[in-house]
Amino acid sequence: MIEKAVIDRFEEDMAVLLVGEKERKVIAPRKNLPAGAKEGHWLKIEFDGEKLVNAIIDDEETSKVKERIAQKLERLRQGKHLEG
Amino acid sequence: MRSVFAKIALIFVILLLVIGCSPLGTTVQQPTLNQTNGPQPADTPAKPPTNTSSPTGDLQVHFIDVGQGDSILIRTPSGASMLIDGGDTDTGVVQYLKSNGITRLDIVVATHPHADHIGGLVQVLKAIPVAKVVTNGQPTTTKTYENFLDTIAAGKSAYVEVKRGDTINLDGLVFTVLSPANVLGNDLNNNSIVLRLVYGKVSFLFEGDAQADAEASMLASSVSPATATILKVGHHGSRTSSTPAFLALVKPAVAIYSAGKGNVYGHPHPETLAALATVGATVYGTDVNGTVIVTTDGNTYKVSPATGQPRGPPSAQPAATPTPTLGATPIPAPAPSSGALGLEVISVTSPVAPGGTATLTAKTVPGSTCTIIVNYKSGPSQAQGLEAKVADINGNVSWTWKVGTTTTPGNWPISVTASKDKQAVTKETTFTVGK
């Protein structure tokens, strides 16, 4: 099963992934991620049991989320959430 | 006689503030007006802000055991409260706050947006009214972070971003932001908000997950970290932080790290514990000591771990009379950045008797949208006159409001924000409600 995940952070040679809608925390070896994977990248991943067997950087999802979050952050910066 | 003297002193200080005002369009932090409260000898030259908070009773700092993550609760003598980070999702911080009688938080600081720092904040923001949320402004793309933004919006908390040289005012306590610098790097940990609090002779440094790069930047910065009696060790005691040069400067008497028992990252790393031992710090960790509470009256301090003893060095048990850490380093103004939105609080009525009228005047860029939050013990004032306003053609804006007859006396924070062209700037001050 292919799932969506996001890289929350790296802790030395480990990556902390938040998997699926509920952001289940999974710690995977950094070497199992594609070269160039960075904090904040969204991934398509596949597990074999507990083991991460496949991971691809999902640039489209990363950009989409980045854009949506930038808009939300901008609203807060402008104090729009305090209006009305 | 005394009141005439006070008025002259106040006019003198306001004059200095006005003269000292830098041109608009900079992000220079002005001295906050709470330093003008009360009579001052007229022959005393204006001092730079020392950002030292005068003790008025017992200050409590709780390093909450949230497993692998950070969460720190600060309670002032008059009952104001601030939470720095909230641990990871579902690690019990809401329960901890409620069991300690916290029904509202004046300030929540998210040092940086990793899940082990903001995950629990989502739940805090849902469960407890929060007047103001402070971040470094660096986003990430996790759902956890998006939920964090959504809950700030839903709870209508004021939202403020800070950087080096700014200050955060909690009920008269002044936290100086030592990091991040003006320009954020890519690394989330290294952009952690690092705060220094000086309470009388006892000082605290809260490092978030700042690592060697941030520590080097703080060492090189004119906004010096100076010293700290109590250090919240950077990044859970990881070897990525606590460089010998930085620890030699901070020279903590007590170092507290927050880490989960048996965590897979190996925090705290032995190198960090060795480095802390080298500078003679008494070390506590939430993995071995559970929640650690530091209580201080500004002269002495007491460290109360939920369980166990400090993990070393044994010769450095918490002293009844700790080595005082005197004097804060004056904070020079950060370098102006061109084109930034300026905002200065020009004056505020203080003190005001309950039932009296207060006026705050500020100057910013003409046409800016300006908001004000007056935070009493009971929460943000809902008084008429505190609505959002647009700065006039000269950039002036003012609010006049009535202080309720039942308003609790004390020093209360006021936060003014000006927004224009997708920029926002916030300035903090306080005013006094008398008896």
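## Around B:Ser179

In this predicted model, B:Ser179 has long-range contacts to seven named partners: B:Arg164, B:Asn190, B:Ser192, B:Ile193, B:Val194, B:Ala214 and B:Met218. Neighbours within four places in sequence are left aside here. The residue belongs to strand S9 of chain B, which spans residues 173-179. B:Ser179 counts as buried because its relative accessible area is 2%, under the 20% cut-off. B:Arg196 lies 17 residues away in sequence, with a C-alpha to C-alpha distance of 9.9 Å from B:Ser179.

The peptide bond from B:Ser179 to B:Pro180 is cis, with omega at about 5°. B:Pro180 sits in the loop between S9 and strand S10 (194-199) of chain B.

## Around B:Phe148

B:Phe148 is part of helix H4 of chain B. Its relative accessibility is 1%, so B:Phe148 is classed as buried. Beyond four places in sequence, B:Phe148 touches B:Ala110, B:Ile118, B:Leu121, B:Val122, B:Leu125, B:Val133 and B:Thr135. B:Lys126 is 22 residues from B:Phe148 in sequence, and their C-alpha atoms are 9.6 Å apart.

## Chain B overall

Chain B contains eight helices and 24 strands. Of its 435 residues, 57% are buried. Take the contacts in chain B between residues at least 6 apart in sequence: 68% of them join residues at least 24 apart.

## The interface of chains A and B

Chain B brings 35 residues to the contact, and chain A brings 30 residues. Together the two chains bury about 2,900 Å², with 53% of that area on carbon and sulfur atoms. On the chain B side, B:Thr141, B:Glu146 and B:Tyr265 lose the most area to chain A. Those three account together for 23% of what that side buries.

How many salt bridges cross the interface of chain B and chain A? The rule finds seven. One salt bridge pairs A:Glu12 with B:Arg239, whose closest N and O atoms are 2.7 Å apart. The interface also holds 18 residue pairs in polar contact, both residues at pLDDT 80 or more. Helix H3 (115-127), helix H4 (143-154) and strand S7 (158-161) of chain B each supply at least two residues of the side that touches chain A. H4(B) gives the largest share, eight residues. By type, the chain B side divides into 13 nonpolar, 12 polar and 10 charged residues.

## Backbone details

A second cis peptide bond to note joins B:His267 and B:Pro268, with omega at about -5°. B:Pro268 lies in the loop between strand S13 (254-257) and helix H7 (270-278) of chain B.

Positive phi values also occur outside glycine. A:Glu23 has phi near 50°. This residue is in the loop between strand S2 (14-19) and strand S3 (24-29) of chain A. A:Glu23 is buried, at 10% relative accessible area. B:Lys251 likewise has a positive phi, about 50°. B:Lys251 lies in the loop between helix H6 (244-250) and S13 of chain B. Is B:Lys251 buried or exposed? B:Lys251 is exposed, because its relative accessible area is 55%, over the 50% cut-off.

## Confidence in chain A

Chain A has an average pLDDT of 95, and 100% of its residues score at least 70. Among the elements of chain A, helix H1 (residues 59-77) has the highest mean pLDDT, 98. Strand S5 (residues 51-57) of chain A has the lowest, 92.

Notes: Residues are numbered from 1 along each chain as its sequence is written. Chains are lettered from A and ligands numbered from 1 in the order in which they are written. This is a predicted model: local features need pLDDT of at least 70, side-chain atom pairs count only at pLDDT 80 or more; totals for chains, interfaces and linings use all residues. Side-chain values use heavy atoms; hydrogens and water are left out. Contact means heavy atoms within 4.5 Å. Buried area is the accessible area (1.4 Å probe) that two parts lose on being put together, summed over both. A salt bridge is a side-chain nitrogen of Lys or Arg within 4 Å of a carboxyl oxygen of Asp or Glu. A polar contact is a pair of N or O atoms within 3.5 Å; within protein, one must be able to donate a hydrogen and the other to accept it, and residues adjacent in sequence count only if both atoms are side-chain atoms. Helices (H or I, at least four residues) and strands (E, at least two) are DSSP runs, numbered from the N terminus. Ala, Val, Leu, Ile, Met, Phe, Trp, Tyr, Cys and Pro count as nonpolar, Asp, Glu, Lys and Arg as charged, and the others, Gly among them, as polar. pLDDT is the predictor's confidence in each residue, from 0 to 100. Buried means under 20% relative accessible area, exposed over 50%, partly exposed in between (1.4 Å probe, protein chains only).
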